[in-house]
Amino acid sequence: MNALAILGVMVMTAGAVFLAFAGLGLYRMPDTYTRIQAGTKATTLGTILTLVGAALIMPDWGVKLLLIALFLMFTNPLSSQVLARAAHRAGVPATKESKADALAEDREELA
Amino acid sequence: MSDTFAPVKIFSVTLLFWILLNGALEVDVLLVGAVVAGAITFLLAGSLSFLSGYRLTWESARATLGYLGYFLRELLKANLSLARVVMDPALPVEPAIVKVRTRLKNPVARLLLANSITLTPGTLTVEMKGEWLYVHWVFAKTTDPNVATAEIVADFEKFLEKMYD
C-alpha cells in the first residue's frame, strides 16, 4: 500500500467515526428536531470524509467523487430542513427543555 | 433578468457539469457537450435563471473562496461540538426555535444561506418566509432576533452578498 492509500484509509475511518456519532446522536437526543440536527451534520461530514478517502485511494475517481460530495452538500441539509418543517407543521412537540418557539408564535400569519 | 451575460453563464455551468460527469477532456466529449449545453441554453434560458445569478467578478471569486473555507471550518466545528454533546452523560442541550433576519434576495443565495445554517454548529433552518428565517438552535443563547441574527446569519451573509446579485 502506498502512502496515499494509507492516508485514504485514515480519512475514511474518521468519516466512519463521525457517522457513528450521528447514530449515537439519533439515539440520545431528546426530540425530533435535535435528532434531525444530529443526523444532518454528522452524516454530511462523515460521508464527505468517506468520499475524500475513496478519492485518495482511487485518484482516478476524484472528479466524480467531488461531484457526489457537491450533490450531498446541497441536498442533505435541504432534505433535513424539509423534514423539520413538515414535523413542525404536523405539530410534532419539541422537548420540554425548549426555551422558545418563535415559529409557533408566528404560525398564523405564515399560513 | 437583464444580465447580458446570463446565457454565457448558463452555457458555461451546463458544459462544466457535463465535463465533470464525463471526467474526460476529449474532443468528442467537448463537442457533444457544447452542442447539448448550447441547445439547453437556447431553449431553457428563461427557466434556468438560477444558474446565472452568480457574479463574475474578482471580488465574488474571493468571497467564494472565503465562503468555502469558512463553511468547511464551521462544518468541522459543528461535528466536534455535536460529538461532545452526544458523548456527554448530562446531554447539555437547550433548544429553541429563534427568528433571524436576512437581507439576501437572490434565491440561490438564500438556499445556500439556509443550507449553511443547517450545517453549522447547533442550528437547523426550519422555515423561510420573506426576510425571516426560523432556526432551530440546540444551544440557544438568546431568543432575541437581532442577537441571533448577528450570531447565526451575519458571517455567511457577508460572503453571499458579494457572490450573488
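This is a guided tour of a predicted model, moving from a sheet in chain B to the contact between two chains and then to a few single residues.

**Stop 1: the sheet of chain B**

Begin by selecting strands β1, β2 and β3 of chain B, which form an open sheet with antiparallel pairing, in the order β1-β3-β2. Colour β1 (96-101) and β2 (123-129) of chain B to pick out the edge strands, each of which pairs on one side only. If you look along the sheet, you can follow its twist, which averages 30° from one strand to the next.

Now keep β2(B) and strand β3 (residues 132-137) of chain B on the screen: these two run antiparallel and are joined by six bridges. To see one bridge in detail, select B:Thr123 and then its partner in β3(B), which is B:Trp137.

**Stop 2: the helices against the sheet**

Add helix α3 (residues 62-89) of chain A, which lies across β1 and β2 of chain B and runs at about 70° to β2(B). Next show helix α5 (residues 145-152) of chain B, which packs on the sheet and touches β1, β2 and β3 of chain B. The direction of α5 makes about 80° with that of β1(B).

**Stop 3: the contact between chain A and chain B**

Show both chains in two colours and select the residues where they meet: 45 residues of chain B and 43 residues of chain A take part in the contact. The size of an interface is often given as the accessible area lost when the parts come together. Between chain B and chain A about 4000 Å² is buried, and carbon and sulfur atoms give 71% of this area. On the chain B side, select B:Val86, B:Ile97 and B:Glu127, which lose the most area to chain A and together make up 15% of what that side buries.

Polar groups also meet here, with 13 residue pairs in polar contact between chain B and chain A. On the side of chain B that touches chain A, at least two residues each come from α1 (6-22), α3, β1, α4 (107-118), β2 and β3 of chain B. Which of these elements gives the most to that side of chain B? Select α3(B) to find out, since this helix gives the most, with eleven residues.

**Stop 4: the charged residues around B:Glu127**

Two salt bridges are found across the interface of chain B and chain A, while the count over all chains comes to seven. Select B:Glu127 and A:Arg89, whose side chains meet in a salt bridge with N and O 3.0 Å apart. A:Arg89 lies in helix α3 of chain A and B:Glu127 in strand β2 of chain B, so the pair joins two chains.

Then add A:Arg85, which forms a salt bridge with B:Glu127 whose closest N and O atoms are 3.8 Å apart. This pair also crosses between chains, from helix α3 of chain A to strand β2 of chain B.

Are these three residues buried or exposed? B:Glu127 counts as buried because its relative accessibility is 4%, which is under the cut-off of 20%. A:Arg85 is partly exposed, with a relative accessible area of 26%, whereas A:Arg89 counts as exposed at 51%.

**Stop 5: a salt bridge within one helix**

Move to helix α6 (residues 154-163) of chain B and select B:Lys158 and B:Asp155, which are separated by about one helical turn because they are three residues apart. These two residues form a salt bridge, with the closest N and O atoms 3.8 Å apart. B:Lys158 counts as partly exposed at 44% relative accessibility, and B:Asp155 is also partly exposed, with a relative accessible area of 28%. Before moving on, return to A:Arg85, A:Arg89 and B:Glu127, which are joined into one network by salt bridges that share partners.

**Stop 6: two buried residues**

Select A:His88 in helix α3 of chain A, a residue that is buried, with a relative accessible area of 10%. Leaving aside neighbours within four places in sequence, A:His88 is in contact with residues of chain A, including A:Tyr33, A:Asp101 and A:Arg107, and with B:Ile97 and B:Val126 of chain B.

Finish at B:Leu91, in the loop between α3 (58-87) and β1 of chain B. Phi of B:Leu91 is near 50°, a positive value in a residue other than glycine, and B:Leu91 counts as buried at 14% relative accessibility.

How values were computed
Residues are numbered from 1 along each chain as its sequence is written. Chains are lettered from A and ligands numbered from 1 in the order in which they are written. Side-chain values use heavy atoms; hydrogens and water are left out. Two strands pair if DSSP finds at least two bridges between them. Helices (H or I, at least four residues) and strands (E, at least two) are DSSP runs, numbered from the N terminus. Axes are lines fitted to C-alpha atoms, for helices over the stretch in contact, and angles run from 0 to 180 degrees between N-to-C directions. Contact means heavy atoms within 4.5 Å. Buried means under 20% relative accessible area, exposed over 50%, partly exposed in between (1.4 Å probe, protein chains only). Buried area is the accessible area (1.4 Å probe) that two parts lose on being put together, summed over both. A salt bridge is a side-chain nitrogen of Lys or Arg within 4 Å of a carboxyl oxygen of Asp or Glu. A polar contact is a pair of N or O atoms within 3.5 Å; within protein, one must be able to donate a hydrogen and the other to accept it, and residues adjacent in sequence count only if both atoms are side-chain atoms.
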